[in-house]
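Reader: I've got a protein model open and I'm not sure where to begin. Could we walk through it together, one question at a time?

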Amino acid sequence: MLRVALDPFPPWKYLDQDGEPRGMDVDFIEMLARRMGLKVEYAMYPFSRALYQLEYGEADMMSGVLRRKEREAYLHYLEPPYKNHSDKAFYLLRGRSHLLRTYDDLHGLRVGTQIGTKYFPQFDNDAKIAKVATHSFELSLRMLVANRIDVAVNTEAAGDYEIRKFGLQGSVAKAPYIYRERQDVYMVLSRKSPLADRLDEFNSVLADLVREGAFRRIVAKYIHEAPEH
């Protein structure tokens with residue numbers, strides 16, 4: 001059994017209206033597990049809690065993790081990364097997006113972030129930015145609409161998806177400034193997982209899937225099917 005910790009991050013990973021795991025990452029994990037002869041068990045947690053589950057061996061695997069030195073103490077980063085981009089977009093109330101044209105414009109704005117999430121090093125380490133941590137991007141959007149924060153940040157594809165999902169296109173706009181530098185995104189395996197002794201096999205199967213373009217095909221399918229409201 002492969003125990004997967006999911007953090008809600010549509011369209012990559014989420015629960016559908018019947019409470020079933022869905023998303024690009026879920027499809028990819030299922031593909032990986034089938035090739036290794038594993039059954040998958042999912043549990044949904046906030047991002048920081050999901051990392052905790054892996055740190056203490058309560059879960060085996062997680063997707064969508066950026067490489068950070070402090071995490072390597074309890075995680076195996078599976079190679080190669082299955083994604084190479086994690087563009088970060090910033091969302092403001094419509095009519096105010098012009099306020100954020102460069103990175104430096106973030107200074108002086110209240111930015112809604114998600115607890116435990118890393119975005120990009122310059123932003124993560126910038127003490128001059130007033131960051132307001134929330135449990136989800138949905139909550140950040142609610143605070144934005146209520147004028148409790150000035151900006152909500154998310155991975156661009158996920159942010160665009162959720163704004164369409166909640167019908168906020170008329171209220172929220174994406175800022176001209178978007179962080180588009182390359183960032184490798186990984187599947188990770190808990191160092192305390194009983195499956196950790198199959199690390200080489202995980203890496204080999206993952207490499208085959210990446211070489212075959214399996215994740216790109218999954219992404220293309222979801223983009224085609226993404227809801228419009």
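Reader: Let's start in the middle of a sheet. Which residue in β11 does Tyr91 stand opposite?

Author: Keep in mind that this is a predicted model. Strand β8 covers residues 88–93 and pairs with β11 in the antiparallel sense, over 4 bridges. Looking across to β11, the residue opposite Tyr91 is Ala152.

Reader: And on the β9 side, which residue of β11 is the bridge partner of Gly112?

Author: Strand β9 takes in residues 110–114, and it runs parallel to β11, with 2 bridges joining them. One bridge puts Val111 with Val151. For Gly112, the partner in β11 is Ala152.

Reader: What is the order of the strands in that open sheet?

Author: The sheet has 5 strands and mixed pairing. Its edge strands are β10 (130–134) and β12, each pairing on one side only. From one strand to the next, the twist averages 35°. Written out, the order is β10-β9-β11-β8-β12.

Reader: How many residues of β11 are buried?

Author: Helix α4, residues 137–145, packs on the sheet and touches β8, β9, β10, β11 and β12. Helix α5 lies across β8, β11 and β12. Strand β11 itself spans residues 151–155 and is mostly covered, and its buried count is 5 of 5.

Reader: What angle does each of those two helices make with β11, starting with α4 and then α5?

Author: The direction of α4 makes about 155° with that of β11. For α5, the angle to β11 is about 120°.

Reader: Let's move to β12. Is Ala173 buried or exposed?

Author: Ala173 sits in strand β12, which runs over residues 172–179. Leaving aside neighbours within four places in sequence, Ala173 is in contact with Phe90, Tyr91, Leu92, Leu93, Arg94 and Ser97. Its relative accessible area is 10%, and the cut-off is under 20%, so Ala173 counts as buried.

Reader: Which helix and which strand does the salt bridge between Glu156 and Lys174 tie together?

Author: The two side chains meet at 2.8 Å, N to O. The pair ties together parts that are 18 residues apart in sequence, because Glu156 and Lys174 lie in two separate elements: helix α5 and strand β12.

Reader: Which of these two is buried, and which is partly exposed, Glu156 or Lys174?

Author: Glu156 has a relative accessible area of 13%, which makes it buried. Lys174 has 30%, so the partly exposed one is Lys174.

Reader: Which residues do salt bridges that share partners join into one network?

Author: Side chains of opposite charge can pair when their charged atoms come close. A search of the whole structure finds 18 salt bridges. The ones that share partners build a network from Asp87, Glu156, Asp160, Lys174 and Arg180.

Reader: How far apart in sequence are the parts tied together by Arg68 and Asp124?

Author: Their side chains meet in a salt bridge at 3.5 Å, N to O. Arg68 is in the loop between β5 and β6 (75–77), while Asp124 is in helix α3 (residues 121–124), so the parts tied together are separated in sequence by 56 residues.

Reader: There's also a salt bridge between Lys13 and Asp7. What is its N to O distance?

Author: Lys13 counts as buried, at 1% relative accessibility. Asp7 is buried too, with a relative accessible area of 7%. Between their side chains, N to O, the distance is 2.5 Å.

Reader: Now for the greasy parts. Which element gives the most residues to the largest nonpolar core?

Author: That core has 34 residues, and those with the most contacts inside it are Leu2, Phe28, Leu32, Leu78 and Phe202. The elements supplying at least two residues each include β1 (2–6), α1 (24–36), β5 (61–66) and α6 (199–212). The top contributor, with 8 residues, is α1.

Reader: Last one: how many residues are in the second, separate core?

Author: Back in the largest core, Leu2 touches residues including Ile29, Ala33, Val40, Met61 and Phe202. The second core is separate, and Leu92, Val111, Tyr119 and Val153 are among its members. Its residue count is 16.

Technical notes
Residues are numbered from 1 along each chain as its sequence is written. This is a predicted model: local features need pLDDT of at least 70, side-chain atom pairs count only at pLDDT 80 or more; totals for chains, interfaces and linings use all residues. Side-chain values use heavy atoms; hydrogens and water are left out. A nonpolar core is a set of buried Ala, Val, Leu, Ile, Met, Phe, Trp, Tyr and Cys residues joined through side-chain atoms within 4.5 Å. Buried means under 20% relative accessible area, exposed over 50%, partly exposed in between (1.4 Å probe, protein chains only). Contact means heavy atoms within 4.5 Å. Two strands pair if DSSP finds at least two bridges between them. Axes are lines fitted to C-alpha atoms, for helices over the stretch in contact, and angles run from 0 to 180 degrees between N-to-C directions. A salt bridge is a side-chain nitrogen of Lys or Arg within 4 Å of a carboxyl oxygen of Asp or Glu.
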